[in-house]
Amino acid sequence: MNGFAAGFRKNRTKIWVGAVTLLLVFYLVVSFQRSLLLLADSNLTAKAIGAAYLVLPIVGAWALIRELMFGARTEQMAKVLEAEGGLPVDELPRTPGGRIVRAAADAEFEKYRAEAEAAPGDWRSWFRLSCAYDAAGDRKRARASMRDAVRLFTAAP
């Protein structure tokens with residue numbers, strides 16, 4: 001049982017992603033089925049609603065696939081950086097509640113921003129910049145930087 005608990009703790013995020021993915025797939029399948037039922041109805045209004053409702057599972061499936069691919073590529077990049085010894089080390093001071101001290105994250109951020117500016121074509125620098133944005137609490141820019149890293153990673157030979 002101890003090995004199971006350790007494996008669960010290690011893969012907790014993947015387990016939750018899998019559970020949420022299964023729920024979303026179930027929702028998309030039910031939505032698709034309901035849209036087909038509405039499209040088969042003889043009422044013109046029901047057909048219009050069914051056609052509009054058909055868009056939801058299509059967009060949902062596209063978003064799900066896109067996010068799963070993003071996560072897989074991010075994990076792949078992290079493994080490469082870890083093997084190279086290039087992952088940023090999380091040594092930032094934390095508050096008693098466990099949050100990173102913002103001033104320390106901002107100071108550390110400048111180092112990674114300068115690295116990304118010096119090597120704009122290197123996915124590694126964008127990955128580390130994304131981690132710095134995340135530590136500084138700027139999730140939107142962290143995601144954008146990670147998307148840049150993924151784009152450069154997939155384009156690299």
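Here is a walk through this structure, helix by helix, with a few stops at single residues. Keep in mind that the model is predicted.

Let's start with helix H2, which covers residues 12–40. H2 has 29 residues, and its first and last C-alpha atoms are 42 Å apart, close to the 42 Å expected at 1.5 Å a residue. Which residues of H2 are buried? They are Thr 21, Leu 28, Ser 31 and Ser 35. If you wonder what these buried residues pack against, look at H3.

So on to H3, which runs over residues 44–84. At the start of H3, Asn 43 has a side-chain oxygen that comes within 2.8 Å of the backbone nitrogen of Thr 45. From there, H3 takes in 41 residues and stretches 61 Å between its first and last C-alpha atoms, close to the 60 Å expected at 1.5 Å a residue. After H3 comes Gly 85, with a positive phi near 75 degrees.

H3 has its own set of buried residues: Ala 46, Gly 50, Pro 57, Gly 60, Leu 64, Phe 70, Thr 74, Met 77 and Leu 81. Try stepping along that list with the helix in view. An α-helix has 3.6 residues a turn, so residues three or four places apart point the same way. And what do the buried residues of H3 pack against? Their partners are H2, H5 (123–135) and H6.

The meeting of H3 with H6 deserves a longer stop. Two packed helices are described by the angle between their axes and the distance between the axes. Here, the axis of H3 and the axis of H6 (residues 139–155) come within 10 Å, and they cross at roughly 75 degrees. Angles of 65 to 115 degrees count as roughly perpendicular, and H3 and H6 are therefore roughly perpendicular to each other.

Who does the touching? On the H3 side you'll find Arg 66, Glu 67, Phe 70, Arg 73, Thr 74, Gln 76, Met 77 and Val 80, while H6 brings Arg 143, Met 146, Arg 147, Ala 149, Val 150, Phe 153 and Thr 154. Sort the residues of this contact by type and you get seven nonpolar, three polar and five charged.

While we're at H6, let's pick out some of its residues. Ala 149 sits in this helix, and its relative accessible area is 0%, so it counts as buried. Setting aside residues within four places in sequence, Ala 149 is in contact with Met 77, Trp 123, Trp 126 and Phe 127. Tyr 112 is 37 residues away from Ala 149 in sequence, and their C-alpha atoms are 13 Å apart in space.

Ser 145 is in H6 too. With a relative accessible area of 4%, Ser 145 is buried. Apart from residues up to four places away in sequence, Ser 145 touches Trp 126, Leu 129, Ser 130 and Tyr 133.

Further along H6 is Leu 152, buried with a relative accessible area of 16%. Not counting residues up to four places away, Leu 152 touches Pro 120, Gly 121, Asp 122, Trp 123 and Trp 126. Leu 152 and Lys 140 are 12 residues apart in sequence, with 19 Å between their C-alpha atoms.

Now back to the stretch between H3 and H4, a loop where you'll find Pro 88. Is Pro 88 buried or partly exposed? Its relative accessible area is 24%, so Pro 88 is partly exposed. Beyond its neighbours up to four places away, Pro 88 touches Tyr 112, Arg 128 and Cys 131.

Next comes H4, residues 102–118. Its 17 residues should span 24 Å at 1.5 Å a residue, and the end C-alpha atoms are 24 Å apart, which agrees. Ala 105, Phe 109, Tyr 112 and Ala 116 are buried in H4, and the buried residues of this helix pack against H5.

That brings us to Arg 128, which is in H5. Is this arginine buried or exposed? Arg 128 has 12% relative accessibility, so it counts as buried. Leaving out neighbours within four places in sequence, Arg 128 is in contact with Leu 81, Gly 86, Pro 88, Tyr 112 and Glu 115. You've already met one of these partners, Leu 81, among the buried residues of H3, and another, Tyr 112, among those of H4.

Notes. Residues are numbered from 1 along each chain as its sequence is written. This is a predicted model: local features need pLDDT of at least 70, side-chain atom pairs count only at pLDDT 80 or more; totals for chains, interfaces and linings use all residues. Side-chain values use heavy atoms; hydrogens and water are left out. Axes are lines fitted to C-alpha atoms, for helices over the stretch in contact, and angles run from 0 to 180 degrees between N-to-C directions. Helices (H or I, at least four residues) and strands (E, at least two) are DSSP runs, numbered from the N terminus. Angles under 35 degrees count as roughly parallel, over 145 as roughly antiparallel, 65 to 115 as roughly perpendicular and the rest as oblique. Contact means heavy atoms within 4.5 Å. Ala, Val, Leu, Ile, Met, Phe, Trp, Tyr, Cys and Pro count as nonpolar, Asp, Glu, Lys and Arg as charged, and the others, Gly among them, as polar. The expected span of a helix is 1.5 Å times one less than its number of residues. Buried means under 20% relative accessible area, exposed over 50%, partly exposed in between (1.4 Å probe, protein chains only). A polar contact is a pair of N or O atoms within 3.5 Å; within protein, one must be able to donate a hydrogen and the other to accept it, and residues adjacent in sequence count only if both atoms are side-chain atoms.
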